[in-house]
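User: Got a minute to go through a model with me? I'd like to start with how a couple of helices pack.

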Amino acid sequence: MEELSPTHFLPSLPLAAPKPRRDATCETQAAATDYRAYFTRALDGLHRENRYRVFADIEREAGRFPEAIWHAPDGARPITVWCSNDYLGMGQHPAVVDALIATARRTGAGAGGTRNISGTSHPLVALERELAELHDKDAALVFTSGYVSNQATISTIGRLIPDCLIVSDAGNHNSIIEGIRQSGCDKAIFRHNDLAHLEEILHEAGNRPKIVIFESIYSMDGDTAPVAAICRLARRHGAMTYLDEVHAVGMYGARGAGVAEAQAASDLVDIVEGTLAKAYGVIGGYIAADLSIIDAVRSYAPGFIFTTALPPATAAAAAASVRHLRRSNRERLAQRRQVATVKAALTRAGLPVIPNDTHIVPVLVRDPGACRDAADRLLGTHGIYIQPINYPTVPRGTERLRITPTPLHTDTQIQALADALVEVWTALGLPRAPGAAAL
Ligand code: PLP
């Protein structure tokens with residue numbers, strides 16, 4: 001395939017020339033402030049640091065995932081997607097797509113309002129019932145995204161508990177950090193997955209109310225939290241637990257309820273949060289918990305109250321996906337097999353794969369420019385789409401490619417991925433795994 005330079009992938013920014021101002025008063029004031037300069041300066045900073053984000057224009061094709069079309073500047077080209085969070089390919093599953101279409105035909109496209117005003121549709125109620133059963137909790141509450149569910153829930157529960165201390169893992173996602181910030185609570189950060197440090201903080205906090213907030217699988221390194229141990233420790237110190245299972249639901253546990261289910265710890269988690277947008281292949285987020293918690297968040301969270309609900313068709317599609325993955329192990333087993341095949345192929349090739357026990361395969365590049373170049377070459381030369389992951393998503397110096405094998409990637413596609421990565425690593429002189437032979 002013809003190779004394209006990175007500048008080919010720059011999105012077209014709305015850089016229209018400023019319109020002249022006519023009003024005399026405005027003219028005198030406008031001379032003083034060039035508002036555009038603030039934004040161009042901010043963007044220049046991103047370019048300088050090699051972390052300006054470029055989106056590839058991709059068209060997914062139901063029935064052919066992970067194959068897709070890339071609308072390159074010089075025309076459409078077939079590609080293979082290796083970085084989708086549609087981890088199990090459920091976004092194209094017939095049961096999910098059929099539920100979406102059939103419900104949209106019956107109910108129309110939109111929700112018609114906030115949950116309070118006409119947005120509490122029957123499919124949404126059924127979805128919440130499905131999610132509560134999945135997590136063995138009294139009730140569940142659906143939000144428009146996983147991000148919103150974290151932000152809205154954490155900020156609300158924090159405000160409802162006087163003098164609450166929020167104890168948060170250092171690796172927590174931005175949606176959790178924003179929720180904590182908006183709660184106005186005191187916070188303490190424990191070192192990532194470090195039980196001893198967590199214990200120290202809980203001990204020092206004494207009898208005040210505390211919530212321990214953590215994730216089950218951390219999406220950039222793909223490492224797993226000791227969920228049961230963290231929950232038991234929290235309980236011993238009288239703390240509530242809030243667990244983000246966004247990168248685990250659908251894929252771990254016998255019914256896809258996540259790592260808590262896999263570690264037989266579901267009943268130790270007070271609030272579990274998940275997404276419908278990744279392994280479930282649709283969109284939306286949720287929490288599941290005790291009825292009093294769900295009712296309080298439903299009643300007090302602005303991020304739940306003041307926004308239009310998920311459309312009924314989306315809710316029906318998500319429910320079909322959850323229902324399917326509660327009963328079917330096929331997708332989970334096939335994903336595990338293909339993940340193992342990818343990890344073995346890349347490790348054999350001497351590529352610096354970060355080891356973990358999950359479905360996420362991070363390959364270290366350690367430089368933002370090189371990471372961008374590697375992604376550009378993979379796409380332009382090999383038709384392989386993997387987004388570069390740079391700061392602030394990961395710490396500086398740990399820039400990487402993040403590969404997510406699905407059950408639908410074939411062994412032939414895996415071999416093509418390994419060959420392409422070796423070619424790119426050689427062409428760009430990227431760092432190999434410690435002790436690996438020359439590529
Ligand atoms: N929580 C974690 C840990 C995430 O990584 C993400 C997004 O990737 C979210 C929450 C937000 O989920 P969603 O994409 O459904 O908004």
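User: How do the axes of α6 and α11 cross?

Analyst: The axes of α6 (residues 146-160) and α11 (residues 291-300) come within 10 Å and cross at roughly 105 degrees. Axes here are lines fitted to C-alpha atoms, for helices over the stretch in contact, with angles from 0 to 180 degrees between N-to-C directions. Helices (H or I, at least four residues) and strands (E, at least two) are DSSP runs, numbered from the N terminus.

User: And what do we call that arrangement of α6 and α11?

Analyst: α6 and α11 are therefore roughly perpendicular to each other, a label for angles of 65 to 115 degrees; under 35 counts as roughly parallel, over 145 as roughly antiparallel and the rest as oblique.

User: Which residues make the contact?

Analyst: From α6 they are T153, T156, I157, R159 and L160, and from α11 A296, V297 and Y300; contact means heavy atoms within 4.5 Å. By class, those residues divide into 5 nonpolar, 2 polar and 1 charged. Ala, Val, Leu, Ile, Met, Phe, Trp, Tyr, Cys and Pro count as nonpolar, Asp, Glu, Lys and Arg as charged, and the others, Gly among them, as polar.

User: Before the ligand, what should I know about the model and its numbering?

Analyst: It's a predicted model: local features need pLDDT of at least 70, side-chain atom pairs count only at pLDDT 80 or more, and totals for chains, interfaces and linings use all residues. Residues are numbered from 1 along each chain as its sequence is written, and side-chain values use heavy atoms, leaving out hydrogens and water.

User: OK, how many residues surround the ligand?

Analyst: 13, with Y147, D244, H247, T275 and K278 the closest; near means a heavy atom within 4 Å. Helix α6 gives the most to that shell, 3 residues.

User: Which polar contacts does the ligand make with D244, H247 and K278?

Analyst: A ligand nitrogen is 2.7 Å from a side-chain N or O of D244. Ligand oxygen atoms come up for the other two: 2.6 Å from a side-chain N or O of H247, and 2.8 Å from a polar side-chain atom of K278. For the ligand, a polar contact is a pair of N or O atoms within 3.5 Å.

User: Where are the cis peptide bonds?

Analyst: One joins F65 and P66, omega about 15 degrees, and another joins Y391 and P392, omega about 10 degrees. P66 is in the loop between β1 (58-60) and β2 (67-72).

Definitions and conventions:
Polar contact = N/O pair within 3.5 Å; in protein donor to acceptor, adjacent residues only side chain to side chain.
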